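Open the model in a viewer and keep the sequence panel visible. The tour goes from one selection to the next and says what is there.

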Amino acid sequence: MSLIADGKSNAAIATELRLSEHTVKRHVANILLKLDLPSRAAAAAFSARHTGPDGP
């Protein structure tokens with residue numbers, strides 16, 4: 001979630017985590033679905049609300 005909140009693209013996340021872009025796309029979609037969030041921007045806002053100033 002923090003990588004999404006940082007504004008990273010699926011491709012950038014895939015590179016950082018050494019996963020395929022398709023795998024990241026599925027994980028992001030599952031996160032949004034499970035948290036009932038409509039977009040990556042909403043996920044970033046959710047992450048900001050649920051972490052402290054120094055991280056989770």
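Start with D36, which is exposed, with a relative accessible area of 69%. The model is a predicted one. To place D36, look in the loop between α3 and α4. Its backbone deserves a look too: phi of D36 is near 55 degrees, a positive value in a residue other than glycine.

**Second stop: R18**

Now select R18, in the loop between α2 and α3. It comes just after α2. R18 also has a positive phi, about 60 degrees, although it is not a glycine. Is R18 buried or exposed? Its relative accessibility is 78%, so R18 counts as exposed.

**Third stop: helices α2 and α3**

Select residues 10–17 for helix α2 and residues 21–34 for helix α3. At what angle do α2 and α3 pack? The angle is about 110 degrees, and the axes are 8 Å apart. Angles of 65 to 115 degrees count as roughly perpendicular, and α2 and α3 are therefore roughly perpendicular to each other. Their crossing is right-handed.

Show the side chains at this contact. On α2, pick N10, A11, I13 and A14. On α3, pick E21, V24, K25 and V28. Sorted by class, the residues in the contact of α2 with α3 are five nonpolar, one polar and two charged.

**Fourth stop: the buried face of α2**

Keep α2 on screen and reduce the selection to N10, I13 and A14, the buried residues of this helix. Look down the axis of α2: these buried residues fall within an arc of 100 degrees, so they line one face of the helix. A general point about helices helps here. An α-helix has 3.6 residues a turn, so residues three or four places apart point the same way.

Which helices do the buried residues of α2 pack against? They pack against α1 (2–5), α3 and α4 (40–49).

**Fifth stop: I13 and T15**

Zoom in on I13, in helix α2. Its relative accessibility is 5%, and buried means under 20%, so I13 counts as buried. Select what I13 touches, leaving out residues up to four places away in sequence: L3, I4, K8, V24 and R40. For a distance check, take the C-alpha atoms of I13 and K25: these residues are 12 apart along the chain, and the atoms are separated by 9.5 Å.

Next pick T15, which also lies in helix α2. Is T15 buried or exposed? At 61% relative accessibility, T15 counts as exposed. Draw a line from the C-alpha atom of T15 to that of A45, 30 residues away along the chain. The separation is 23 Å.

**Sixth stop: the two sides of α4**

Move to helix α4, residues 40–49. Which residues of α4 are buried? They are A42, A43 and S47. They cover an arc of only 140 degrees around the axis, which puts them on the same side of α4. What covers the buried residues of α4 includes α1 and α3, so display those two helices with this selection.

Then turn to the face of α4 that points away from its buried side. The exposed residues there are A41, A48 and R49.

**Last stop: S47 and A48**

Finish with one residue from each side of α4. S47 is in helix α4 and is buried, with a relative accessible area of 11%. Leaving aside its neighbours within four places in sequence, S47 is in contact with M1 and A5.

A48 is in helix α4 as well. A48 is exposed, with a relative accessible area of 53%. How many residues apart in sequence are A48 and S2? They are 46 residues apart in sequence, and 8.9 Å apart in space, C-alpha to C-alpha.

Methods. Residues numbered from 1 in each chain as written. Predicted model: local features only at pLDDT ≥ 70, side-chain atom pairs only at ≥ 80, totals over all residues. Heavy atoms only, no water. Axes fitted to C-alpha atoms, helices over the stretch in contact; angles between N-to-C directions. Helix = DSSP H or I, 4+ residues; strand = E, 2+ residues; numbered from the N terminus. Parallel < 35°, antiparallel > 145°, perpendicular 65-115°, else oblique. Left-handed = near helix turned anticlockwise from the far one by under 90°. Contact = heavy atoms within 4.5 Å. Nonpolar A, V, L, I, M, F, W, Y, C, P; charged D, E, K, R; others polar. Buried < 20%, exposed > 50% of the residue type's maximum accessible area, 1.4 Å probe, protein only. Arc of directions from axis to C-beta.
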